[in-house]
Amino acid sequence: MLLRIFNHLRRRIQQRRQAALRRSEHCLKVLLFHGVYDSQQEQELDQVDRGLFAKLEQVAAEIQCCRDEGFEFVRAEDIPRIRGGRKAVLTFDDGYANNLLLLPLLAQLQVPATVFVVTSAVLDQECFWWDVLARNAPPGTRLSHSRQALKRLAPPLIRRQLRELFGEDCLQARNASDRPLSPDELRLMASNPWISIGNHTHDHGLLNQMSDGEAARQLSDAQHHFEKLLGRSPSLLAYPNGRYNRRIQELACQLGFEAAFTTCPEWTPLPLRGSLQRMAIGRIGPCAASP
Ligand SMILES: [Zn+2]
């Protein structure tokens with residue numbers, strides 16, 4: 001009973017702090033999206049977890065909304081050095097090939113964006129497991145329960161289980177909506193002046209469920225593949241599913257990341273204070289919940 005009251009009070013205090021921060025002259029708002037689509041691709045969304053997809057118009061509307069609230073869009077790489085003001089950052093997780101649709105929009109609106117990429121998806125060209133689950137789940141399945149159950153497993157076991165359930169070819173891309181970036185497309189994205197590439201681990205394993213050694217390998221393997229694919233490795237990290245703890249924050253720092261992003265729907269006070277805050281920057285968006 002006491003614990004419930006304590007948690008309730010803590011949530012209320014946190015909500016008030018966030019409300020004050022949203023009005024503050026010095027705060028950072030980071031937007032989070034995943035896959036995107038245009039009118040042509042809309043009918044293909046039955047192959048993916050539709051809740052994670054946003055229409056290009058919706059992305060443009062969110063950008064305009066931030067600007068109306070007085071936010072200036074900056075590069076995510078600049079966050080550690082920003083001293084104040086109302087700043088916004090645009091991010092996209094996972095590395096869907098359909099993120100290429102963003103390039104004309106970003107140039108037109110003059111907004112930089114960071115795409116956090118899962119390197120094994122680029123190299124293996126297998127679909128993301130949550131899309132495979134969404135398109136194969138029998139009607140009436142509570143997807144959120146199935147997702148939570150699978151998230152307890154390591155990614156190779158998730159893929160094995162999906163193959164057993166839905167067939168050997170279930171991880172193959174069906175259309176433009178569910179495909180990860182290819183190596184050439186990743187290079188094309190990385191060469192665009194409005195795009196930077198971030199690390200989203202090698203196979204989207206949940207870092208807080210791993211030993212220190214496994215988590216370090218996830219991050220370092222991805223950095224190694226980025227180095228081979230792009231000739232450089234990212235300075236930014238987004239934790240898969242937003243999962244992190246103090247141990248993972250410290251590890252990300254030790255590995256040289258300059259900032260790391262969660263999926264906690266929070267605004268961040270500027271300037272950032274200390275390395276631990278730099279390694280747990282919240283993000284807000286219509287698709288912020290997972291994965
Ligand atoms: Zn992700």
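1. Two residues are in contact here if their C-beta atoms, placed from the backbone, lie within 7 Å. The model is predicted. With that contact rule in hand, start at helix H5. Trp129, Val132, Leu133 and Asn136 in H5 meet a set in H7 made up of Ile158, Arg159, Leu162 and Phe166. By class, this contact has six nonpolar residues, one polar and one charged.

2. Now the geometry of that pair. H5 covers residues 129-136 and H7 covers residues 155-166. Their axes are 11 Å apart, and the packing angle is about 20 degrees. Angles under 35 degrees count as roughly parallel, so H5 and H7 are roughly parallel to each other. The crossing of H5 and H7 is left-handed.

3. H5 also packs on helix H6, residues 143-151. Here the angle is about 145 degrees, with the axes 11 Å apart. H5 passes H6 in a right-handed crossing. On the H5 side the contact residues are Trp129, Trp130, Leu133 and Ala134. On the H6 side they are Leu143, Ser146, Arg147 and Leu150. The H5 contact with H6 has six nonpolar residues, one polar and one charged.

4. Two residues of H5 deserve a second look. Trp129 and Leu133 are among the H5 residues that meet H7. Trp129 and Leu133 are also among those that meet H6.

5. Next, the strands. E6 (113-117) follows a loop that starts after helix H3 (102-109). E6 pairs with E7 in the parallel sense, over five bridges. Within this pairing, threonine 114 has serine 196 of E7 as its bridge partner. E7 is mostly covered, with four of its five residues buried.

6. Check the backbone at glutamine 110. Its phi is near 55 degrees, a positive value in a residue other than glycine. Glutamine 110 sits in the loop between H3 and E6. Is glutamine 110 buried or exposed? Glutamine 110 counts as exposed, because it has 9 C-beta neighbours inside 10 Å and the cut-off for exposed is 12 or fewer.

7. Histidine 204 is another non-glycine residue with positive phi, near 65 degrees. The loop that holds histidine 204 runs between strand E7 (195-199) and helix H9 (212-230). Histidine 204 has 24 other C-beta atoms within 10 Å. The cut-off for buried is 20 or more, so histidine 204 is buried.

8. There is a cis peptide bond to inspect. The bond from leucine 270 to proline 271 is cis, with omega near -5 degrees. Proline 271 is placed in the loop between strand E10 (268-269) and helix H11 (274-278).

9. Proline 240 is in the loop between strand E8 (236-238) and helix H10 (246-254). Proline 240 counts as buried because it has 25 C-beta neighbours inside 10 Å. Proline 240 and alanine 260 are 20 residues apart in sequence. Their C-alpha atoms are 11 Å apart in space.

10. Last, proline 193. This residue is found in the loop between helix H8 (183-191) and E7. Proline 193 has 9 C-beta neighbours inside 10 Å and therefore counts as exposed. How far apart are the C-alpha atoms of proline 193 and glutamine 40? They are separated by 26 Å, with the two positions 153 residues apart along the chain as the sequence separation.

How values were computed. Residues are numbered from 1 along each chain as its sequence is written. This is a predicted model: local features need pLDDT of at least 70, side-chain atom pairs count only at pLDDT 80 or more; totals for chains, interfaces and linings use all residues. Axes are lines fitted to C-alpha atoms, for helices over the stretch in contact, and angles run from 0 to 180 degrees between N-to-C directions. Angles under 35 degrees count as roughly parallel, over 145 as roughly antiparallel, 65 to 115 as roughly perpendicular and the rest as oblique. A crossing is left-handed if the near helix is turned anticlockwise from the far one by less than a right angle, and right-handed if clockwise. Ala, Val, Leu, Ile, Met, Phe, Trp, Tyr, Cys and Pro count as nonpolar, Asp, Glu, Lys and Arg as charged, and the others, Gly among them, as polar. Two strands pair if DSSP finds at least two bridges between them.
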